[in-house]
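This report introduces a structure to a reader who meets it for the first time. Please look at the sequence and the model below before reading on.

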Amino acid sequence: MERKREFKVLIDLEKQNRLNTEGCPACGKKFSLGDEVVLARGRWHGYKYIHQNEAVFDKHANKHYERGYYRTKKGMSP
Ligand SMILES: [Zn+2]
C-alpha cells in the first residue's frame, strides 16, 4: 500500500516553529527536525499534525486517526 506514504510529512524549520507552540497533540512532546508526521483526526477539531507512529491509517476512510481516538471510535461502533 504505497498510498500511505503520500500522507507522510517531515518536520522542517517552518513547521517546527509553527507546531511547537502547542507541541504534538497526541503525546504532548515537541516536534524535532526530521520527525515524520501525518495530518490526523483525533479528540481535537479537524486535522492536526501528530507523530506518524502515533497514528493509525484507516483504509476505508482514507485518513489517519490518533491511535487512542481510533480505538475508542472502533469500540463505540463495532
Ligand atoms: Zn507525538
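Strand 4, which covers residues 55-58, and strand 5, which covers residues 63-66, run antiparallel and are joined by 4 bridges. The two strands form a hairpin with 4 residues between them, and in the turn Asn-62 has a positive phi of about 60 degrees. Within this pairing, Ala-55 stands opposite Glu-66 in strand 5. The model described here is a predicted one.

The hairpin belongs to a protein chain that has 2 helices and 5 strands, and these elements follow the pattern β-α-β-β-β-β-α when the chain is read along its sequence. The protein chain has 78 residues, of which 21% count as buried. Among the contacts in the protein chain with a separation of 6 or more, 38% are between residues 24 or more positions apart.

The largest nonpolar core has 10 residues, namely Ile-11, Ala-26, Phe-31, Val-37, Val-38, Ala-40, Tyr-49, Ile-50, Ala-55 and Tyr-65. Strand 2, spanning 36-41, and strand 3, spanning 48-51, each supply at least two residues of this core, and the largest share, 3 residues, comes from strand 2. Ala-55, already met in the hairpin, is one of the core residues; leaving aside residues up to four places away in sequence, Ala-55 touches Val-38, Ala-40, Ile-50, His-64, Tyr-65, Glu-66 and Arg-67.

Is Asp-35 buried or exposed? Asp-35 is found in the loop between helix 1, residues 13-19, and strand 2, and it counts as buried because 20 other C-beta atoms lie within 10 Å, where 20 or more is the cut-off for a buried residue. When residues up to four places away in sequence are not counted, Asp-35 touches Ile-11 and His-51.

Arg-43 has its place in the loop between strand 2 and strand 3. Arg-43 counts as exposed because 11 other C-beta atoms lie within 10 Å, and the cut-off for an exposed residue is 12 or fewer.

For each of these two loop residues, the table gives a partner along the chain together with the C-alpha to C-alpha separation in space.

| Residue pair | Separation in sequence | C-alpha to C-alpha distance |
|---|---|---|
| Asp-35 and His-51 | 16 residues | 7.1 Å |
| Arg-43 and Glu-66 | 23 residues | 8.2 Å |

The second pair leads back to the hairpin, where Glu-66 of strand 5 stands opposite Ala-55.

Conventions. Residues numbered from 1 in each chain as written. Predicted model: local features only at pLDDT ≥ 70, side-chain atom pairs only at ≥ 80, totals over all residues. Core = buried A, V, L, I, M, F, W, Y, C linked by C-beta atoms within 7 Å. Contact = placed C-beta atoms within 7 Å. Pairing = 2+ DSSP bridges.
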